[in-house]
Every structure is written in structure tokens, then in C-alpha cells.
Amino acid sequence: MFFSSLCVTSALLVLFSRTWCPEADWGCDMLGILCLSSLQIVDTFLIGRFILLAVMSLVFLGCLFLFLIFHLMEPVFAKPLHSS
């Protein structure tokens with residue numbers, strides 16, 4: 001049920017997109033899907049996203065290293081032996 005509703009929602013979002021311009025130049029892509037050929041998607045935050053990913057990866061590795069150090073250095077206390 002979830003997968004079918006996901007497919008229907010995706011199909012509706014593809015068919016009724018918000019970038020409708022009747023006077024624009026329409027064409028077909030390699031799969032035969034009707035698309036707007038003058039529309040260009042530009043990622044302006046690409047370098048910032050890679051820098052953010054690198055910083056977050058370093059923070060994660062640092063936290064993992066500190067966690068493992070604290071885990072390995074945890075004291076183990078001796079338990080008394082039960083003699084019979």
C-alpha cells in the first residue's frame with residue numbers, strides 16, 4: 001500500500017510540475033519524456049556542501065575515536081571469588 005501510494009505521488013509530481021511555461025521551448029529527452037529544454041538546474045551550494053560534508057566527517061571520526069578511547073580505558077574492577 002505504501003509503495004503504490006509512493007508511486008502515484010511521484011507520478012503526479014512528475015506530470016504536474018510547477019515549471020509550466022506554455023511559451024517555452026519543449027522537447028523530449030533520451031527516454032522520450034516531455035521536458036523543458038531551456039530549464040537549467042544549477043547547484044550553487046556545491047562547494048559549501050562538500051566542505052560541510054568534510055567537516056562533519058572529521059567531527060564524526062573524532063567523536064568515534066574519543067568514544068573508543070574512553071571505552072578501552074574503562075576500568076575493570078575485580079570481583080571476589082566465591083570459595084566453598
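Which helix is V59 found in? Here are my notes on this one.

1. V59 is found in helix α2, the stretch that covers residues 46-72. Keep in mind while you look around that this is a predicted model.

2. Zoom out for a moment to get the overall layout. The chain has two helices and two strands. Going along the sequence, you meet them in the pattern α-β-β-α.

3. How much of the chain is buried? Buried residues make up 2% of the 84 residues. As for the surface, about 8,700 Å² is exposed by the chain, and 75% of that comes from carbon and sulfur atoms.

4. Now back to helix α2 and its surroundings. UniProt, in an unreviewed entry, lists residues 48-70 as a "transmembrane region". Take that label as coming from the record, and then check what the model shows for the span: residues 48-70 are 100% helix and 0% strand. From one end C-alpha atom of the span to the other, the distance is 33 Å.

5. Have a look at the nonpolar patch on the surface, too. L46, I47, F50, I51, L53, V55 and V59 together make a patch of about 690 Å². Our opening residue, V59, is one of them. V59 counts as partly exposed because its relative accessibility is 44%, which falls between the 20% and 50% cut-offs.

6. Which two side chains meet in a salt bridge? They belong to D43 and R49, with 2.8 Å from N to O. In general, side chains of opposite charge can pair when their charged atoms come close. The structure holds one salt bridge, so this pair is a handy thing to find on screen. Are the two partners buried or exposed? Neither label fits: D43 is partly exposed at 40% relative accessible area, and R49 is partly exposed at 42%.

7. Finally, the cysteines. How many disulfides does a search of the whole structure find? The count is zero. A disulfide is a covalent bond between the sulfur atoms of two cysteines. C7 is partly exposed, since its relative accessibility is 38%. C63 is also partly exposed, with a relative accessible area of 48%.

Definitions and conventions:
Residues are numbered from 1 along each chain as its sequence is written. This is a predicted model: local features need pLDDT of at least 70, side-chain atom pairs count only at pLDDT 80 or more; totals for chains, interfaces and linings use all residues. Side-chain values use heavy atoms; hydrogens and water are left out. A disulfide is a pair of cysteine sulfur atoms within 2.5 Å. Buried means under 20% relative accessible area, exposed over 50%, partly exposed in between (1.4 Å probe, protein chains only). UniProt positions are given in the numbering used here, feature names are shortened, and annotations may be inferred rather than shown by experiment. Helices (H or I, at least four residues) and strands (E, at least two) are DSSP runs, numbered from the N terminus. Patches are made of residues with over 30% relative accessible area and no salt bridge: like charges are joined within 9 Å, nonpolar side chains (Val, Leu, Ile, Met, Phe, Trp, Tyr) within 5 Å. Accessible areas come from the Shrake-Rupley method with a 1.4 Å probe; for residues, only the protein chains shown count as cover. A salt bridge is a side-chain nitrogen of Lys or Arg within 4 Å of a carboxyl oxygen of Asp or Glu.
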